Amino acid sequence: MTDTAAPVTPAPVVLPEPLLRIGGRAVSARSGAQFSSINPANEEVVAEIACGGTDDIDAAVDAARDTFDSGAWSRMAGAERGRILSRAADLIEQHAPELSALETAEMGKLYADTVAGDIPAAAASFRHYAGWADKIAGEAMILPDVGPQHRFGFTLRQPLGVVGAITPWNNPTVVAAWKIAPALAAGCSVVVKPAEDASLAVLKLADLLAEAGVPDGAFNVVPGLGPEAGAALAAHQGIDKITFTGSPAVGKTITSLAGEKFRKVTLELGGKAPQLIFPDADLEASLPWIAMGNFYHQGQVCAAGTRVIVHESVADQVIEGLVEFARAAVIGDPFDAGTTQGTIVNRKQLDRILGYIEKGKSEGADLLTGGARVGEKGFFVQPTVFRGTNDLTIAREEIFGPVATVITFKTTEEAVRLANATQYGLNAFIFSQSLSTVHSVIPQLRVGTVWVNGWGVPDPALPWGGRDASGIGRELGRSGLEAFTEEKTVHLGY
């Protein structure tokens, strides 16, 4: 939640050239098509952006392949790649106000949250992987003799090749950085298809990477519509890996398209995270985190903890606190320093959230606060709190909006059962002052990440990803770097 005691003066919105970035050049879509980027706070057009299609994806992949095969980036000394990526991190930090303004204008996230959180986190990802670029190594060992022949074995880690990255609208710069930075550090070339609701910051990122010294063709951006540009990238014969963040439904399609050539795939998909609140939790310290887990960025976060699973002995206190946070929200212009909750990304998503709220009421959930659209212009919705059960649709399906469902439990065993009763497995929260409780529950949760007594942006030094409907593979950490390499084994006789 934004610290309104230290207001931030927003930067003006300065548009990058709204064209494709292919082979180091800003170019129009070959079809001449464009799409409108809409400001969700006032429903006005931010920019008309070139809308890439299949031909443009072909051109971008060709440029990436030519650069990769030439060795201009793939065979550059790791220390030099690291120097360039470190310079990119510096430029991202320097342009944080500009990048933040683009994100706020396109998808309604609070400017103060973006300039203080997402953009520094994107820079941190580039800086982290800059340090890895000259440390990508295999292993070596003496092998048993075969008859009179001595043997030595070693492995190499080599860049995969051309990576296709499809990024989401909710955290466009930081999630793009999670994919781009390790791929570039490994020596791969990259083609990004950003979300049509949030393309401008990624286009600006392309300009910054070029300024940092990334060679022409090593990084390309093709804005466009998912069913055409996204599908073309996922199915492209020239791609060696596809990395995608988005919905499970689209993830299934991408897996099918990529699987035709047995490409490597990393998917970071949806979530329905449980927040387990035990009787000994420090509620005064925990409630701000619990509320943030539901309402941060209007709940448009895959890691949002919208199933508040609380022990019955403290349920009333948690509900009272959560309702108080919801009612205290200042809903309005996300550029305004006094606003604590911005907009939903577009009308379709607003209608989806309102539909889930009606579904919750029709299924018998107890609406405690919120539940309505705010105003007639812009896509604003009240933070909403229900009390119900884990069987409700609003507790089972990812809403991607500020809608919390409070569910009570009696025993630790019941809490774990409720937490795991979901198709998702991205992350979970535990609030307890008992080390015994924390350490006994963590191994039982079927998730990729557990937050204890807090929440935040994933750190680039640690892996991030889920299981089941939450995805395949890991981003960030050493795992995220090695996912962009191919391991080759060598047996050497002498």
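Start by selecting I84, R87, A88, L91 and I92 in helix 2, then add L205, L208, L209, E211 and A212 in helix 6: these two sets of residues meet each other. Colour them by type and you will find eight nonpolar, no polar and two charged residues in this contact. Keep in mind on the way round that the model is predicted.

Now show both helices as ribbons, residues 78-94 for helix 2 and residues 200-212 for helix 6. Their axes lie 8 Å apart and pack at an angle of about 135 degrees. At that angle, helix 2 is oblique to helix 6, and the crossing is right-handed.

Next, stay with helix 2 alone. Put a distance label between its first and last C-alpha: the 17 residues reach 24 Å, close to the 24 Å expected at 1.5 Å a residue.

Which residues of helix 2 are buried? Select G78, R81, G82, I84, L85, A88, A89, L91 and I92 to see them. Then bring up what covers them, which includes helix 3 (96-107), helix 4 (111-132), helix 5 (172-186) and helix 6.

For the last stop, go to the loop between helix 3 and helix 4 and pick K109. Is this lysine buried or exposed? K109 counts as buried, because its relative accessibility is 1%, and the cut-off for buried is under 20%. To see its surroundings, select E103, T104, T114, D118, N170, N171, Y296, H297 and P334: K109 is in contact with these residues, leaving aside its neighbours within four places in sequence.

Note on methods
Residues numbered from 1 in each chain as written. Predicted model: local features only at pLDDT ≥ 70, side-chain atom pairs only at ≥ 80, totals over all residues. Heavy atoms only, no water. Axes fitted to C-alpha atoms, helices over the stretch in contact; angles between N-to-C directions. Helix = DSSP H or I, 4+ residues; strand = E, 2+ residues; numbered from the N terminus. Parallel < 35°, antiparallel > 145°, perpendicular 65-115°, else oblique. Left-handed = near helix turned anticlockwise from the far one by under 90°. Contact = heavy atoms within 4.5 Å. Nonpolar A, V, L, I, M, F, W, Y, C, P; charged D, E, K, R; others polar. Expected span 1.5 Å × (residues − 1). Buried < 20%, exposed > 50% of the residue type's maximum accessible area, 1.4 Å probe, protein only.
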